[in-house]
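This briefing introduces a structure to a reader who has not met it before. The sequence and the model are shown below, followed by notes grouped by topic.

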Amino acid sequence: MAVSSEQDQKQARAGRVIALVIAGAMVLWLVAQWLGPQLGLAGRYALLIDFAAIGALVWALIVTLQLWRARRDKEG
């Protein structure tokens, strides 16, 4: 039973990391979108920031799917 509980704790921790990555990426993206024009940054920097946010969200999606599959396989 301890192994299952330990596995559940690892999955819960992974879920929290995923949530923090999603929230952090969106907050940083919003701040960068507001701050870029204020500082007069070129459009290529906005594109770079967009790609970084997309990368973080794609990573979060992949890890979420892995977590979902692991829980589904455990139950079934």
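## Buried positions

Helix H2 has these buried residues: Ala53, Ala60, Val63 and Leu67. The model is a predicted one, and the points below describe its overall form, its helices, its salt bridges and its nonpolar surface patch.

**Overall form**

- The protein chain contains 2 helices and 0 strands.
- Its radius of gyration is 17 Å, well over the 11 Å that the globule rule gives for 76 residues, so the protein chain is more spread out than a compact globule.
- The C-alpha trace of the protein chain spans about 60 × 15 × 10 Å along its principal axes.
- Among the 76 residues of the protein chain, 11% count as buried.
- About 6000 Å² of the protein chain is exposed, and carbon and sulfur atoms supply 69% of that area.

**The helices and a buried glutamine**

- Helix H1 covers residues 2-39, and helix H2 covers residues 43-75.
- From its first C-alpha to its last, the 33 residues of H2 reach 48 Å, which is close to the 48 Å expected at 1.5 Å a residue.
- Gln11 belongs to helix H1.
- Gln11 counts as buried because its relative accessibility is 7%, under the 20% cut-off.
- Beyond its neighbours within four places in sequence, Gln11 is in contact with Leu67, Ala70 and Arg71. Of these contacts, Leu67 is also one of the buried residues of H2.

**Salt bridges**

- Side chains of opposite charge can pair when their charged atoms come close. The structure holds 2 salt bridges.
- One salt bridge joins the side chains of Glu6 and Lys10, with an N to O distance of 3.9 Å.
- Both Glu6 and Lys10 lie in helix H1, 4 residues apart, which is about one turn of the helix. An α-helix has 3.6 residues a turn, so residues three or four places apart point the same way.
- Glu6 counts as partly exposed because its relative accessibility is 45%, and Lys10 counts as partly exposed at 44%. Partly exposed residues fall between the 20% and 50% cut-offs.
- A further salt bridge is formed by Lys74 and Asp8, whose closest N and O atoms are 2.4 Å apart.
- This pair links distant parts of the chain, since Lys74 is in helix H2 and Asp8 is in helix H1, 66 residues apart.
- Lys74 is partly exposed, with a relative accessible area of 42%, and Asp8 is partly exposed at 35% relative accessibility.

**Nonpolar surface patch**

- A nonpolar patch on the surface is formed by Val27, Val31, Trp34, Leu35, Leu39, Leu41, Tyr45 and Leu48.
- Together, the residues of the nonpolar patch have about 800 Å² of accessible area.
- At least two residues of the patch come from each of H1 and H2.
- H1 gives the most to the nonpolar patch, supplying 5 residues.
- Leu39, one of the patch residues, is placed in helix H1.
- Leu39 counts as exposed because its relative accessibility is 58%, over the 50% cut-off.

Technical notes
Residues numbered from 1 in each chain as written. Predicted model: local features only at pLDDT ≥ 70, side-chain atom pairs only at ≥ 80, totals over all residues. Heavy atoms only, no water. Salt bridge = Lys/Arg side-chain N within 4 Å of Asp/Glu carboxyl O. Buried < 20%, exposed > 50% of the residue type's maximum accessible area, 1.4 Å probe, protein only. Patch = residues over 30% accessible without salt bridge, like charges linked within 9 Å, V, L, I, M, F, W, Y side chains within 5 Å. Areas by Shrake-Rupley, 256 points an atom, 1.4 Å probe, with all protein chains shown as cover. Expected span 1.5 Å × (residues − 1). Rg over C-alpha atoms; globule rule 2.2 N^0.38 Å. Contact = heavy atoms within 4.5 Å.
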